[in-house]
Amino acid sequence: MVEVLYVVEPGTRIGVRKGSVVIVGRDGKVGVAPPNIESVIIASSRVSISSRAIRLLASRGINVTFLDPMGYPIAMLFPPVVNKTVLTRVRQYELFLSKEVRLELARRIVSCKIENQARLVRYLARNRGETSLNEVSYMLSSMAAQLMNAKIQDLTTDAIMSVEAQAANKYWDAIAVFLPQNLGFHGRNPDSVDPINVALNYGYGILYSAAEKYLLMAGLDPYLGVLHSLKSGKPSLVFDFVEPFRPIAVDKPLVLGIDGLGIKLINGLLDYDSRRVIAKLVLNNLDREYVSQRTRRKAPLIEHMKHEAWYLASIIREGSISDYKCFTWVF
């Protein structure tokens, strides 16, 4: 089981006592971090961590991530990792100079995302008795297949993103059926301040932090992607890599668990209790077992993500992008 130490309470201090990482609440209560934690996520600007704690965490191979109020990682501390970084990055830079390679990888990522959206709609339709939405699922699967069957010379980045946008409209219209109407969800809009969109933003932020860690561990440059635009300081490959995981890792647990969350917003931002419950929902789901279509292996979703990063790195080192089959969910 993957353990994540998630710290959100303002006034909390993280330090070291007798060789252990301890968490001191603002009420003075002291807790000891579990020995098997893999990551520390700090989700408040009013949490402090000592350099001694950072040193101890680094010596144990544990990274520290700082989230902004929207859930986006704004800083990450990683211990040195010995791997195939040089070779992998050289091949990544070489391959991604090719427009055809970038388009091939981009369409594979988008088609997997659309297929996972289709499977989630089908799963929810079966789970909630909304069989009429099976038609939407089939339409989405058809769009994913058509994208993969298109000739690469006939594609552009804009054309791929257009298919992604069309699929997203159908997908989110279907998802809205499963959500309480009083939450005011009218489709996916990252800038909207309705509880669902804000919760999705926050959940995706947690996903980004895990993805960036695993891409770095696999030796890849997280700032050089193929689908999202290259902008200074933006981890484009992270955004690309998480696309197939979004529906399963974040959308699924939020749709199924939204009724009991009691999300509260203050000036368009989640309050601390809401951040905590959303993080728990997403992290628990990442630790839930799923089956990968490609490997037929049953494992926690976070393990699939880790494996996918190493798999993508190996595909890039070998230059065999046309063989890449990214993660799709079997249920």
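Here are some friendly notes on the strands, helices and two buried residues of this predicted model.

1. Let's start with the sheet of four strands. This sheet is open, its strands come in the order 1-5-7-8, and the pairing is mixed. Strand 1 (3-7) and strand 8 (73-77) each have a single partner strand, so they stand at the edges and one side of each is left without a neighbour in the sheet. On average, and with direction ignored, neighbouring strands here are turned by 20° against each other.

2. Inside that sheet, have a look at strand 5 (residues 37-42) and strand 7 (residues 63-67). These two run parallel and are joined by four bridges. If you want a residue pair to look for, Ile 41 has Thr 65 of strand 7 as its bridge partner.

3. The sheet also has a helix lying across it. Helix 6 (residues 195-217) lies across strand 1, strand 5, strand 7 and strand 8, and it runs at about 30° to strand 8.

4. Next comes the packing of helix 3 (residues 99-128) with helix 4 (residues 134-149). Their axes are 8 Å apart, and the packing angle is about 165°. Since angles over 145 degrees count that way, helix 3 is roughly antiparallel to helix 4. The crossing of these two helices is left-handed. On the helix 3 side the contact residues include Val 110, Ile 114, Ala 118, Val 121 and Arg 122, while among those of helix 4 are Val 136, Ser 137, Leu 140, Ala 144 and Leu 147. Sorted by class, the contact of helix 3 with helix 4 has eleven nonpolar, five polar and four charged residues.

5. One residue in that contact deserves its own point. Ser 137 sits in helix 4, and its relative accessibility is 0%, so Ser 137 counts as buried. Which residues is Ser 137 in contact with, leaving aside its neighbours within four places in sequence? They are Ala 118, Val 121 and Arg 122, and these three are listed for the helix 3 side of the contact with helix 4.

6. Helix 3 has a second contact to inspect, with helix 8 (residues 246-257). Here the axes come within 10 Å and cross at roughly 25°, and the two helices are therefore roughly parallel to each other. Helix 3 passes helix 8 in a right-handed crossing. Helix 3 contributes residues including Lys 113, Gln 117, Leu 120 and Leu 124, and helix 8 contributes, among them, Pro 247, Asp 251, Lys 252 and Val 255. By class, this contact of helix 3 with helix 8 has seven nonpolar, three polar and four charged residues.

7. Leu 120 is worth a click too. Leu 120 belongs to helix 3 and counts as buried because its relative accessibility is 0%. Neighbours within four places in sequence aside, Leu 120 is in contact with Tyr 171, Ile 175, Pro 247, Asp 251, Lys 252 and Trp 329. For a distance check, Leu 120 and Val 238 are 118 residues apart in sequence and 22 Å apart in space, C-alpha to C-alpha.

8. Finally, there is the sheet of three strands. This open sheet has the order 12-11-13, with antiparallel pairing. Strand 12 (298-300) and strand 13 (329-330) are the edge strands, each pairing on one side only. Three bridges join strand 11 (residues 289-292) to strand 12, and the two run antiparallel. Within this pair, Glu 289 stands opposite Pro 300 of strand 12.

Terms used. Residues are numbered from 1 along each chain as its sequence is written. This is a predicted model: local features need pLDDT of at least 70, side-chain atom pairs count only at pLDDT 80 or more; totals for chains, interfaces and linings use all residues. Side-chain values use heavy atoms; hydrogens and water are left out. Two strands pair if DSSP finds at least two bridges between them. Axes are lines fitted to C-alpha atoms, for helices over the stretch in contact, and angles run from 0 to 180 degrees between N-to-C directions. Contact means heavy atoms within 4.5 Å. Angles under 35 degrees count as roughly parallel, over 145 as roughly antiparallel, 65 to 115 as roughly perpendicular and the rest as oblique. A crossing is left-handed if the near helix is turned anticlockwise from the far one by less than a right angle, and right-handed if clockwise. Ala, Val, Leu, Ile, Met, Phe, Trp, Tyr, Cys and Pro count as nonpolar, Asp, Glu, Lys and Arg as charged, and the others, Gly among them, as polar. Buried means under 20% relative accessible area, exposed over 50%, partly exposed in between (1.4 Å probe, protein chains only).
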